[in-house]
Amino acid sequence: MNGAHTSIPISDDPKAPLLSAADSPVHRSGSFRSTVKSIFNLKNLYVLLGPVLCAAVCRFVKLDGASGAGSRNMLAVLVWVFTWWLTEAVPMPVTSMSPLFLFPMFGIAAGDEVARTYMNDVIALVLGSFILALAVEHYNIHKRLALNVTLLFCGDPLNPPLLLLGICATTFFVSMWMHNVATAVMMMPVATGILQRFPVGSSRSAAEAKFCKAVILGVTYATPIGGMSTLTGTGVNLILVGMWKSYFPDADPISFNTWSFFALPMALLIFFVFWVVLCLMYCPRGSGPALSTHLDKTQLRRELDALGPMAFAEKMVLAVFSILIFLWMTKNITNDIPGWGALFDGRAGDGTVSVMMATLLFIIPNKKQEGEKLMDWNKCKKLPWGIILLLGAGFAIADGVNKSGLADILANALNFLEKAPYLAVAPAVCLISSLITELVTSNNATTTLVIPILIQIASTMHLHPLFLMIPGAIGAQFAFLLPTSTPSNVVGFSTGYIDIPDMIKIGLPLKIVGIAVVSILMPSLGSLVFGTNKPMQ
């Protein structure tokens with residue numbers, strides 16, 4: 001155009017090809033094949049599967065009722081979202097954000113309404129708790145706690161069941177205040193650190209191999225059991241509380257204290273039976289001498305001494321954590337003793353306290369370096385935003401299922417529960433919820449899907465909604481059989497010390513015990529704490 005041109009260099013060598021290797025037809029053919037393979041792979045097919053199934057539901061599924069179109073669209077969106085969750089076609093956090101554009105597109109809810117479900121008091125509670133968990137991990141407080149408890153329970157001579165109790169109880173306690181995933185990730189290295197003292201491979205005796213399995217199984221399952229006992233221990237409890245507040249805004253909220261009155265005794269009962277079963281199967285009598293050579297108290301004390309005395313920063317993190325627990329437990333005490341929450345006319349939630357105490361970590365100096373605080377934002381880069389977005393998606397889906405009328409339609413699929421005897425309802429709901437989690441999806445997603453349906457069934461049966469909601473939510477946490485059921489199971493399985501038969505061997509009796517405990521406590525303790533013996537007014 002402007003007189004300039006580019007010349008193509010031609011080699012003087014008569015044997016040189018006119019086209020370079022990169023331009024040759026063979027190379028272009030190979031490049032084309034690789035392009036085709038990169039497009040038509042299993043991952044991309046899963047990406048397409050979501051919208052294809054969604055379109056199929058919209059085209060072929062007909063739902064009765066006045067809200068037929070809206071409920072059908074909600075079902076189609078559910079199929080899309082759950083397909084992506086199950087196949088991991090796109091990253092889980094990205095799938096968790098999909099309601100933000102799918103709900104407005106399908107006429108389920110406005111964008112502003114959906115976005116508000118992603119940040120509420122429950123999400124704030126999780127956010128503050130995660131920041132505190134990162135502070136505990138950063139200052140090695142969890143490791144100091146584990147070594148102290150191990151020394152305390154080790155016994156002299158070594159008592160394997162007592163040591164196992166110490167390790168499991170430590171995990172249980174930590175999981176009460178931190179999310180299950182954070183607890184499993186923090187405590188599993190402590191457990192494997194203890195097991196690294198044992199021989200590996202064929203040189204390991206039968207007693208040593210069994211004890212190694214027991215420790216990993218103990219940490220794996222003590223994590224969800226401990227998480228059940230408090231609101232902050234697992235996302236399932238938070239989803240339950242969030243849905244209760246969303247569906248019944250005028251009812252008394254489920255506070256941290258209220259939940260603990262019911263869930264802590266339940267978790268302790270399950271934990272005790274779990275420890276007994278674990279000892280019977282994996283800690284045979286006479287195993288103490290075989291293990292004592294590898295678990296020397298002197299070595300444990302040496303590791304503890306290596307951590308040094310507690311620094312100012314560690315003490316302050318523990319102080320902030322302790323104050324947070326105290327504030328959670330005293331916000332609402334009893335009807336006669338209202339607690340400090342009454343000072344704010346109920347405007348302050350558990351998330352308010354959680355974020356406030358987490359903020360203090362960015363204000364209090366750590367006295368290590370001039371101007372340095374206990375926490376800074378760089379340390380918070382490990383915040384599990386994926387879990388936070390998953391919780392938000394759960395609240396959005398629950399809201400959509402309710403507003404679209406899909407909950408009414410899905411409730412008809414579980415009509416058989418209406419004919420079940422009163423005392424059989426809780427175990428039936430618990431069993432169904434636990435099986436869905438084992439075979440289909442995560443406990444968070446199961447709770448999100450099941451709770452709105454249970455609310456509708458409770459209304460039809462003229463039962464208190466929590467009489468079904470609580471067994472449904474707790475049952476979703478009884479996912480003990482497969483490594484893929486929950487993230488904490490994955491963490492334990494990934495250590496290589498246990499396999500699926502080990503998980504089934506312990507998980508099956510643990511599931512049965514858990515359902516039995518919930519079945520006994522719901523009509524008894526549940527009626528005292530939540531008033532489930534009478535329907536909602």
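Here are three short exercises on the structure above, each with a worked solution.

The model is predicted, so local features need pLDDT of at least 70 and side-chain atom pairs count only at pLDDT 80 or more, while totals for chains, interfaces and linings use all residues. Residues are numbered from 1 along each chain as its sequence is written, and side-chain values use heavy atoms, without hydrogens and water.

**Exercise 1.** Work out how many disulfides there are.

Solution. Start with the criterion: a disulfide is a pair of cysteine sulfur atoms within 2.5 Å. Next, take Cys 54: its closest cysteine sulfur, in Cys 58, is 4.5 Å away, which is too far for a bond. The count comes to 0 disulfides.

**Exercise 2.** Decide whether Cys 54 and Cys 430 are buried or exposed.

Solution. Recall the classes: buried is under 20% relative accessible area, exposed over 50%, and partly exposed in between (1.4 Å probe, protein chains only). Cys 54, at 2%, is buried. Cys 430 has 0% and is buried too.

**Exercise 3.** Describe how helix 7 and helix 18 are oriented and which residues meet.

Solution. First locate the helices (DSSP runs of H or I, at least four residues, numbered from the N terminus): helix 7 covers residues 121–138 and helix 18 covers 385–404. Their axes (lines fitted to C-alpha atoms over the stretch in contact, with angles from 0 to 180 degrees between N-to-C directions) come within 10 Å and cross at roughly 165°. That makes the pair roughly antiparallel, a term for angles over 145 degrees. Finally, list contacts (heavy atoms within 4.5 Å): residues including Val 122 and Phe 130 in helix 7 meet residues of helix 18, among them Trp 385 and Phe 395.

Terms used: Helix = DSSP H or I, 4+ residues; strand = E, 2+ residues; numbered from the N terminus. Parallel < 35°, antiparallel > 145°, perpendicular 65-115°, else oblique.
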